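Subject: Structure to look through

Dear colleague,

Please find below the structure that I promised to hand over. I would be glad if you could keep it open while you read the notes underneath.

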Amino acid sequence: MRMPELAVSRLGGDVALDFCNTVDWRLDPERRGERLQSYAHVLAWLERVELLTPTAAERLAELADADPSAAAAEHTGILTLRDDSYDALTGDASSPAVLERELPLAHAASRLERSADGTWARHPRTLELGTPRHLLALEFARLFASPALSGFHRCEDRHCGWVFLDTSRQHNRRWCSSADCGNRNRVRAHAERVRREAASRA
(Lines give C-alpha, C1' and ligand atoms only; values in the text may rest on other atoms or scores of the structure.)
Protein backbone atom coordinates (compact mmCIF):
# COMPACT_ATOMS: atom_id res chain seq x y z
CA MET A 1 0.00 0.00 0.00
CA ARG A 2 1.46 3.34 -1.06
CA MET A 3 1.02 6.09 1.54
CA PRO A 4 -0.87 9.03 0.00
CA GLU A 5 0.11 12.67 0.18
CA LEU A 6 -2.19 14.36 2.66
CA ALA A 7 -2.80 17.94 3.78
CA VAL A 8 -3.05 18.07 7.57
CA SER A 9 -4.57 21.05 9.38
CA ARG A 10 -3.59 21.75 13.00
CA LEU A 11 -6.06 24.62 13.55
CA GLY A 12 -8.09 22.68 16.11
CA GLY A 13 -5.65 23.09 18.98
CA ASP A 14 -6.01 19.40 19.86
CA VAL A 15 -5.24 16.31 17.81
CA ALA A 16 -8.75 14.91 18.32
CA LEU A 17 -10.29 18.12 16.98
CA ASP A 18 -7.82 18.14 14.10
CA PHE A 19 -9.12 14.68 13.30
CA CYS A 20 -12.69 16.01 13.30
CA ASN A 21 -11.50 18.61 10.82
CA THR A 22 -10.62 16.04 8.18
CA VAL A 23 -13.97 16.86 6.55
CA ASP A 24 -14.06 20.00 4.41
CA TRP A 25 -17.28 22.05 4.30
CA ARG A 26 -18.91 19.62 6.70
CA LEU A 27 -22.15 21.65 6.91
CA ASP A 28 -22.58 22.11 3.15
CA PRO A 29 -23.86 18.91 1.49
CA GLU A 30 -22.96 20.19 -1.97
CA ARG A 31 -19.32 20.95 -1.16
CA ARG A 32 -18.61 18.48 1.64
CA GLY A 33 -15.29 16.77 1.03
CA GLU A 34 -13.73 13.75 2.78
CA ARG A 35 -9.95 13.97 3.24
CA LEU A 36 -9.58 10.44 4.62
CA GLN A 37 -10.82 8.47 1.65
CA SER A 38 -9.20 5.16 2.60
CA TYR A 39 -7.46 3.29 5.39
CA ALA A 40 -4.17 4.42 3.83
CA HIS A 41 -5.21 8.05 4.25
CA VAL A 42 -5.91 7.39 7.93
CA LEU A 43 -2.42 5.90 8.36
CA ALA A 44 -0.84 8.86 6.58
CA TRP A 45 -2.73 11.29 8.81
CA LEU A 46 -1.78 9.48 12.01
CA GLU A 47 1.85 9.44 10.93
CA ARG A 48 1.80 13.17 10.14
CA VAL A 49 0.45 14.03 13.60
CA GLU A 50 2.90 11.56 15.20
CA LEU A 51 0.35 9.19 16.67
CA LEU A 52 2.02 6.48 14.57
CA THR A 53 5.70 6.09 13.83
CA PRO A 54 6.68 5.64 10.17
CA THR A 55 7.65 2.05 10.95
CA ALA A 56 4.27 1.30 12.55
CA ALA A 57 2.40 2.96 9.68
CA GLU A 58 4.34 0.87 7.16
CA ARG A 59 3.57 -2.33 9.07
CA LEU A 60 -0.13 -1.49 9.23
CA ALA A 61 -0.11 -0.76 5.50
CA GLU A 62 1.27 -4.26 4.94
CA LEU A 63 -1.51 -5.74 7.08
CA ALA A 64 -4.08 -3.76 5.08
CA ASP A 65 -2.65 -5.07 1.81
CA ALA A 66 -2.99 -8.60 3.15
CA ASP A 67 -6.67 -8.11 4.07
CA PRO A 68 -8.25 -5.25 2.06
CA SER A 69 -11.82 -6.02 3.14
CA ALA A 70 -10.89 -5.86 6.83
CA ALA A 71 -9.00 -2.62 6.23
CA ALA A 72 -12.05 -1.15 4.48
CA ALA A 73 -14.24 -2.13 7.44
CA GLU A 74 -11.77 -0.46 9.81
CA HIS A 75 -11.83 2.67 7.66
CA THR A 76 -15.62 2.81 7.96
CA GLY A 77 -15.42 2.29 11.73
CA ILE A 78 -12.86 5.06 12.13
CA LEU A 79 -15.00 7.59 10.24
CA THR A 80 -18.04 6.54 12.28
CA LEU A 81 -16.08 7.16 15.49
CA ARG A 82 -14.99 10.57 14.19
CA ASP A 83 -18.43 11.72 13.10
CA ASP A 84 -20.26 10.43 16.18
CA SER A 85 -17.73 12.16 18.45
CA TYR A 86 -18.09 15.37 16.42
CA ASP A 87 -21.88 15.25 16.85
CA ALA A 88 -21.51 14.84 20.62
CA LEU A 89 -18.99 17.69 20.84
CA THR A 90 -21.22 20.07 18.90
CA GLY A 91 -24.39 19.09 20.72
CA ASP A 92 -25.95 17.36 17.73
CA ALA A 93 -25.99 14.10 19.73
CA SER A 94 -26.64 13.62 23.44
CA SER A 95 -23.58 11.42 24.04
CA PRO A 96 -20.60 9.92 22.20
CA ALA A 97 -22.22 6.50 21.88
CA VAL A 98 -19.65 5.06 19.47
CA LEU A 99 -16.77 6.22 21.65
CA GLU A 100 -18.37 4.60 24.70
CA ARG A 101 -18.51 1.34 22.76
CA GLU A 102 -14.97 1.64 21.41
CA LEU A 103 -13.17 2.76 24.55
CA PRO A 104 -13.17 -0.60 26.41
CA LEU A 105 -11.76 -2.22 23.26
CA ALA A 106 -9.06 0.44 23.06
CA HIS A 107 -8.07 -0.10 26.68
CA ALA A 108 -7.96 -3.87 26.24
CA ALA A 109 -5.71 -3.50 23.18
CA SER A 110 -3.23 -1.19 24.93
CA ARG A 111 -1.09 -1.00 28.03
CA LEU A 112 0.31 1.81 30.16
CA GLU A 113 3.99 2.55 29.58
CA ARG A 114 6.26 5.09 31.24
CA SER A 115 8.11 7.44 28.90
CA ALA A 116 11.60 8.86 29.37
CA ASP A 117 10.22 12.02 31.04
CA GLY A 118 8.40 9.97 33.67
CA THR A 119 4.88 10.42 32.29
CA TRP A 120 2.60 7.51 31.49
CA ALA A 121 0.64 6.87 28.32
CA ARG A 122 -1.23 3.99 26.70
CA HIS A 123 0.48 2.20 23.81
CA PRO A 124 -0.75 -0.66 21.59
CA ARG A 125 0.07 -4.14 22.84
CA THR A 126 0.48 -5.30 19.23
CA LEU A 127 0.00 -3.66 15.87
CA GLU A 128 -3.23 -4.76 14.23
CA LEU A 129 -5.65 -3.25 11.75
CA GLY A 130 -7.74 -1.92 14.65
CA THR A 131 -4.80 0.02 16.13
CA PRO A 132 -5.69 3.36 14.45
CA ARG A 133 -9.27 3.11 15.71
CA HIS A 134 -8.05 2.35 19.23
CA LEU A 135 -5.54 5.22 19.20
CA LEU A 136 -8.21 7.66 18.09
CA ALA A 137 -10.70 6.41 20.67
CA LEU A 138 -8.12 7.09 23.38
CA GLU A 139 -7.53 10.59 22.02
CA PHE A 140 -11.24 11.39 21.96
CA ALA A 141 -11.67 10.02 25.49
CA ARG A 142 -8.81 12.23 26.69
CA LEU A 143 -10.41 15.27 25.06
CA PHE A 144 -13.89 14.61 26.46
CA ALA A 145 -12.39 14.45 29.98
CA SER A 146 -10.16 17.51 29.55
CA PRO A 147 -10.96 20.89 31.18
CA ALA A 148 -9.61 22.46 27.99
CA LEU A 149 -12.90 21.48 26.36
CA SER A 150 -14.45 24.55 28.01
CA GLY A 151 -12.87 26.48 25.15
CA PHE A 152 -14.54 24.36 22.47
CA HIS A 153 -16.02 26.33 19.58
CA ARG A 154 -17.31 25.62 16.10
CA CYS A 155 -16.32 27.95 13.28
CA GLU A 156 -19.08 30.50 12.77
CA ASP A 157 -19.00 30.19 9.00
CA ARG A 158 -22.38 28.64 8.23
CA HIS A 159 -20.90 26.02 5.91
CA CYS A 160 -17.47 25.25 7.41
CA GLY A 161 -18.13 23.09 10.46
CA TRP A 162 -14.50 22.94 11.63
CA VAL A 163 -13.97 22.97 15.40
CA PHE A 164 -11.26 24.30 17.67
CA LEU A 165 -10.27 25.22 21.21
CA ASP A 166 -10.47 28.96 21.70
CA THR A 167 -7.31 29.87 23.60
CA SER A 168 -7.35 33.55 22.61
CA ARG A 169 -6.81 36.08 25.40
CA GLN A 170 -10.32 37.51 25.09
CA HIS A 171 -11.92 34.13 24.31
CA ASN A 172 -13.52 35.68 21.24
CA ARG A 173 -12.16 33.57 18.39
CA ARG A 174 -14.96 33.10 15.87
CA TRP A 175 -13.32 31.38 12.92
CA CYS A 176 -11.23 28.27 12.35
CA SER A 177 -8.95 30.54 10.33
CA SER A 178 -9.13 34.33 10.37
CA ALA A 179 -7.40 34.41 7.00
CA ASP A 180 -9.87 31.99 5.41
CA CYS A 181 -13.36 31.78 6.91
CA GLY A 182 -12.84 35.05 8.78
CA ASN A 183 -11.90 37.08 5.71
CA ARG A 184 -14.61 35.52 3.57
CA ASN A 185 -17.30 36.34 6.13
CA ARG A 186 -16.01 39.86 6.72
CA VAL A 187 -16.13 40.51 2.97
CA ARG A 188 -19.64 39.06 2.82
CA ALA A 189 -20.80 41.19 5.79
CA HIS A 190 -19.28 44.32 4.23
CA ALA A 191 -20.99 43.66 0.91
CA GLU A 192 -24.30 43.16 2.72
CA ARG A 193 -23.91 46.46 4.60
CA VAL A 194 -23.15 48.29 1.36
CA ARG A 195 -26.21 46.69 -0.27
CA ARG A 196 -28.47 47.69 2.63
CA GLU A 197 -27.15 51.25 2.66
CA ALA A 198 -27.67 51.56 -1.08
CA ALA A 199 -31.19 50.20 -0.75
CA SER A 200 -32.03 52.63 2.07
CA ARG A 201 -30.85 55.60 -0.04
CA ALA A 202 -32.83 54.52 -3.08
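The notes below go through a helix pair, a pocket and a few single residues.

Please bear in mind that this is a predicted model, in which local features need pLDDT of at least 70 and side-chain atom pairs count only at pLDDT 80 or more, whereas totals for chains, interfaces and linings use all residues. Residues are numbered from 1 along each chain as its sequence is written, and side-chain values use heavy atoms, with hydrogens and water left out.

Helices (H or I, at least four residues) and strands (E, at least two) are DSSP runs, numbered from the N terminus. Two packed helices are described by the angle between their axes and the distance between the axes. Here, the axes of helix α5 (residues 97-108) and helix α6 (residues 131-144) come within 9 Å and cross at roughly 115 degrees, where axes are lines fitted to C-alpha atoms, for helices over the stretch in contact, and angles run from 0 to 180 degrees between N-to-C directions. Among the residues that make the contact (heavy atoms within 4.5 Å) are Leu99, Leu103 and Ala106 of α5 and Ala137, Phe140 and Phe144 of α6.

The largest pocket is lined by 16 residues, and those nearest its centre are Leu51, Ala121, Arg122, Leu135 and Glu139. A pocket is, on a 1 Å grid over the protein atoms alone, an open set of points where a 1.4 Å probe fits, with protein on both sides within 12 Å along at least five of seven lines, and lining residues have an atom within 4 Å of a point. Helix α6 gives the most to this lining, with five residues.

Turning to single residues, histidine 41 is found in helix α2 (residues 39-48) and is buried, because its relative accessible area is 17% (buried means under 20%, exposed over 50%, partly exposed in between, with a 1.4 Å probe and protein chains only). Histidine 41 touches Pro4, Leu6, Arg35 and Leu36, not counting residues up to four places away in sequence. Arginine 2, in the segment before α1 (15-20), counts as exposed because its relative accessibility is 79%, and its C-alpha atom is separated by 9.7 Å from that of histidine 41, although the two are 39 residues apart along the chain.

Finally, tryptophan 25 has a positive phi of about 50 degrees although it is not a glycine, and this residue lies in the loop between β1 (23-24) and β2 (33-34).

With best wishes
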